[in-house]
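I opened this notebook to keep track of what I looked up. The entries are short and follow the order of my checks.

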Amino acid sequence: TTALTPAATFTDANILPGTFEKQYVEAEERRDVRISVVFNLVTKRKIGMQQSNEVRFSSVASDARLIQYDLTDCCVRGVQANKFAKLQLAIRKHSTHKIAFDTSLLTSSLSVTDIVQVQRSRENNIGDNRTETEHYQVTGIAHSTDGITSITAMHFPLDSSNVSKISDEVVNGS
């Protein structure tokens, strides 16, 4: 919930021509939902019990569609399960698209979950040309034998103070 500095910046100069793709998230994936998380509640001297919690934004109806995540293999506390649910809700609310592009072979330490900045020039037929800057969380990196690195990433919007809207929603959201 503090200001972020991108691990790397990509521009039209280092994105290989013709490889940039932007795919918007379908409206159904952005609709209001409730999330149910199932986890194993573990306490000292007791056998773990399966438990579930339901999380939703305060503005979402209690009968909205329910999505369930089974975290029984990896989660033993309700607090962890609730944070995961809040993260999923925040991503649905704030992340509008995903991108993919190729660049020359990356030899830096860029890794999955890093935040990157992408600056691209947008030109249209009425002369309203502008540079657009967006932030993304890297979801995949693949290196090929021909010296090309392919990157996939999820839209990760920041506010005017460079604080993640998604992280802020998880920590401070209602």
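**Entry 1: overall layout**

I started with the elements and found two helices and nine strands in the protein chain. The model is predicted, and I read every entry with that in mind. I then read the order from the N terminus: β-β-β-β-β-α-β-β-β-β-α.

Next I looked up the extent. The C-alpha atoms fill a box of roughly 60 × 40 × 30 Å along the principal axes. I noted the surface too. The accessible surface comes to about 10,900 Å², and carbon and sulfur atoms hold 47% of that area. Of the 174 residues, 33% count as buried.

I also checked contacts between residues at least 6 apart in sequence. Of these, 66% join residues at least 24 apart.

**Entry 2: aromatic rings**

How many aromatic pairs does the structure hold? I found three. I took F20 and F101 for a closer look. Their ring centres are 6.4 Å apart and their planes stand at 25 degrees, so I logged the pair as stacked. The cut-off for stacking is under 30 degrees.

I then placed the two residues. F20 is in the loop between β1 (8-11) and β2 (21-24), while F101 is in strand β6 (residues 97-104). The pair therefore ties together parts that are 81 residues apart in sequence. Are F20 and F101 buried or exposed? Both are buried. I added F10 to the entry as well, since F10, F20 and F101 form one aromatic cluster.

**Entry 3: charges over rings**

I came back to F20 and looked at its face. R120 lies over it, at 4.0 Å from the ring centre. I found a similar arrangement at F57, where K93 lies over the face of the ring. There the distance to the ring centre is 4.9 Å.

**Entry 4: cysteines**

I searched for disulfides and counted zero. Why is C74 without a bond to another cysteine? The closest cysteine sulfur, in C75, is 6.1 Å from the sulfur of C74, and that is too far for a bond. The limit I needed here is 2.5 Å. C75 is likewise in no disulfide.

I compared their surroundings. C74 is exposed, with a relative accessible area of 64%. C75 has 5% relative accessibility and counts as buried.

**Entry 5: salt bridges**

I counted seven salt bridges in the structure and wrote up some of them.

I began with E28 and R65. Their closest N and O atoms are 3.4 Å apart. E28 lies in the loop between β2 and β3 (34-41), and R65 in the loop between β4 (49-55) and β5 (66-70), so this bridge ties together parts 37 residues apart in sequence. E28 is partly exposed at 35% relative accessibility. R65 is partly exposed too, at 41%. I also noted a network of salt bridges that links E28, R31 and R65.

I went on to R92 and E29. Their closest N and O atoms are 3.8 Å apart. This pair links distant parts of the chain, 63 residues apart: R92 is in helix α1 (residues 78-94) and E29 in the loop between β2 and β3. Is R92 buried or exposed? I logged R92 as buried, with a relative accessible area of 11%. Its partner E29 is partly exposed, at 43% relative accessibility.

I closed this entry with E54 and R34. Their side chains meet in a salt bridge at 3.1 Å, N to O. E54 lies in strand β4 and R34 in strand β3, so the pair ties together parts 20 residues apart in sequence. E54 counts as partly exposed at 44% relative accessibility, whereas R34 counts as buried at 14%.

**Entry 6: a loop residue**

Where is T107 found? I located T107 in the loop between β6 and β7 (115-122). At 74% relative accessibility, T107 counts as exposed. I then took the distance to T149, which is 42 residues away along the chain. The C-alpha atoms of T107 and T149 are separated by 9.4 Å.

Key. Residues numbered from 1 in each chain as written. Predicted model: local features only at pLDDT ≥ 70, side-chain atom pairs only at ≥ 80, totals over all residues. Heavy atoms only, no water. Phe/Tyr/Trp six-rings, centres within 6.5 Å; stacked < 30°, edge-to-face > 60°. Helix = DSSP H or I, 4+ residues; strand = E, 2+ residues; numbered from the N terminus. Buried < 20%, exposed > 50% of the residue type's maximum accessible area, 1.4 Å probe, protein only. Lys NZ or Arg CZ within 6 Å of the ring centre and 35° of its normal. Salt bridge = Lys/Arg side-chain N within 4 Å of Asp/Glu carboxyl O. Contact = heavy atoms within 4.5 Å. Areas by Shrake-Rupley, 256 points an atom, 1.4 Å probe, with all protein chains shown as cover.
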